[in-house]
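Hi there,

Here is the structure I promised to pass along. Have a look at it first, and then read on for my notes.

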Amino acid sequence: MVSLKNWDNKTWLSTKKYIYSFNNFILKQTNLSKYSRILDIGCGRGKIIENLSERLKLTHKPIGLDIVNHEVKSKKIIFRKTDGLTFVSKTKITFDLILIKQTIHLLKKNQIKKFLSICKAKINHKGKIIILSLDPKINEIPSFTLMNNRLKISLERDKKIFDLIYKIYPNLKTSYFIFNVKINKGKYLKMIKNRFISTLLNFSNNQINDGLVEIDKKYKKELKFRDRLICLIIEK
């Protein structure tokens, strides 16, 4: 699996406003209570499930998985440095929510069917698997030409992944999470430089630097756009 270190670090994804709005969305899709068990696959620094735990006053600490052991991460979750397939295959714990946020595309296509089958076996009665990823049909993330071209290829691949998931689980539910982003261009340029999205990971430094120049010329001092995620909900 590709290593992505900066997706939730000093971006709108780490703001209290985003996290609160995102968890409002999750709570509307689920029947969680203080007794629920939650697993976040690809949790980053664990701030989303930390907030969810505090709001629900969970009696069981949520578990967060990530292949990167971030130096700064939530101390209010149980963190495991591992991938989702390995952990879910071995754990005897069952969950009321398995959250897979913007990581499903990092799995190989031939792994996804097995992975989701194992996840489904580990959710409780009325439990849910919630998969979120960039909406492949509507994307407003500010980009430079090369980034946009690669993003289109990535989103087309994502669409094929979603088609596969729909084929396996024809009765799943679909929803959308939309967050209105307003960000200073200078801050966004730093995010590009830090490769905040997986599309940028394999770019050379020269390609990134050329992209920074293009973004600087292309956009005004303040960027406004919608971060739009498609949400696939698989039930027991």
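Which residues are linked in a network of salt bridges? They are Lys128, Lys173 and Glu235. Before I go further, please keep in mind that this is a predicted model, and that goes for everything below.

**Salt bridges**

The count of salt bridges comes to eight. Besides the network of Lys128, Lys173 and Glu235, I went through several pairs one by one.

Helix α2, which spans residues 47-56, holds both partners of one of them. Lys47 pairs with Glu50, and their closest N and O atoms are 3.9 Å apart. That fits under the 4 Å limit for a salt bridge. The two residues are three apart in helix α2, or about one turn of the helix. They are not equally open to the outside: Lys47 is partly exposed, with a relative accessible area of 35%, whereas Glu50 is buried at 15%.

Glu54 also belongs to helix α2, but its partner Lys76 is in the loop between β2 (63-66) and β3 (78-81), so this pair ties together parts that are 22 residues apart in sequence. The N to O distance in the salt bridge between Lys76 and Glu54 is 2.8 Å. Both ends are partly exposed: Lys76 has a relative accessible area of 46%, and Glu54 has 39%.

In helix α5, the side chains of Asp163 and Lys159 form a salt bridge with an N to O distance of 3.3 Å. Four residues separate the two positions in that helix, which makes about one helical turn. Asp163 is partly exposed at 39% relative accessibility, and Lys159 is partly exposed too, at 32%.

**Two buried residues in helices**

Ser53 is another residue of helix α2. With a relative accessible area of 12%, Ser53 counts as buried, because the cut-off for buried is under 20%. What does Ser53 contact, leaving aside neighbours within four places in sequence? The answer is Leu58 and Pro62.

Gln29 sits in helix α1, which covers residues 16-29. Gln29 is buried as well, with 16% relative accessibility. If we set aside residues up to four places away in sequence, Gln29 touches Lys128, Ile130, Ser175 and Ile233. You will recognise Lys128 from the salt-bridge network with Lys173 and Glu235. There is also a distance you may like to look up: the C-alpha atoms of Gln29 and Leu97 are separated by 10 Å, although the two residues are 68 apart along the chain.

**The cavity**

How many cavities of 30 Å³ or more are there? The count comes to one. The volume of this largest cavity is about 260 Å³. There are 20 residues in its lining, and those closest to the centre are Gln102, His105, Leu134, Ile197 and Ser198.

Two elements, β5 (123-134) and α5 (145-168), each supply at least two residues of the lining. Helix α5 gives the most, with four residues, and this is the helix that also carries the Asp163 and Lys159 pair. Sorted by class, the lining of the largest cavity has ten nonpolar residues, seven polar ones and three charged ones.

**Cysteines**

How many disulfides does the structure hold? It holds zero. Cys119 is in no disulfide, and the nearest cysteine sulfur, which belongs to Cys43, is 14 Å away. Cys119 is buried, with a relative accessible area of 0%.

Why is Cys231 without a bond to another cysteine? The closest cysteine sulfur, in Cys119, is 15 Å from the sulfur of Cys231, and that is too far for a bond. For comparison, the cut-off for a disulfide is a pair of sulfur atoms within 2.5 Å. Like Cys119, Cys231 is buried, at 0% relative accessibility.

If you want a place to begin, try the network of Lys128, Lys173 and Glu235, step across to Gln29 through its contact with Lys128, and then turn to helix α5 and its four residues in the lining of the cavity.

Happy browsing, and do write back with any thoughts.

Best wishes

Technical notes
Residues numbered from 1 in each chain as written. Predicted model: local features only at pLDDT ≥ 70, side-chain atom pairs only at ≥ 80, totals over all residues. Heavy atoms only, no water. 1 Å grid on protein atoms, 1.4 Å probe; cavity = no way out; pocket = protein on both sides within 12 Å on 5 of 7 lines; lining within 4 Å. Points joined across faces, edges and corners; volume = space filled by probe spheres on them. Nonpolar A, V, L, I, M, F, W, Y, C, P; charged D, E, K, R; others polar. Buried < 20%, exposed > 50% of the residue type's maximum accessible area, 1.4 Å probe, protein only. Contact = heavy atoms within 4.5 Å.
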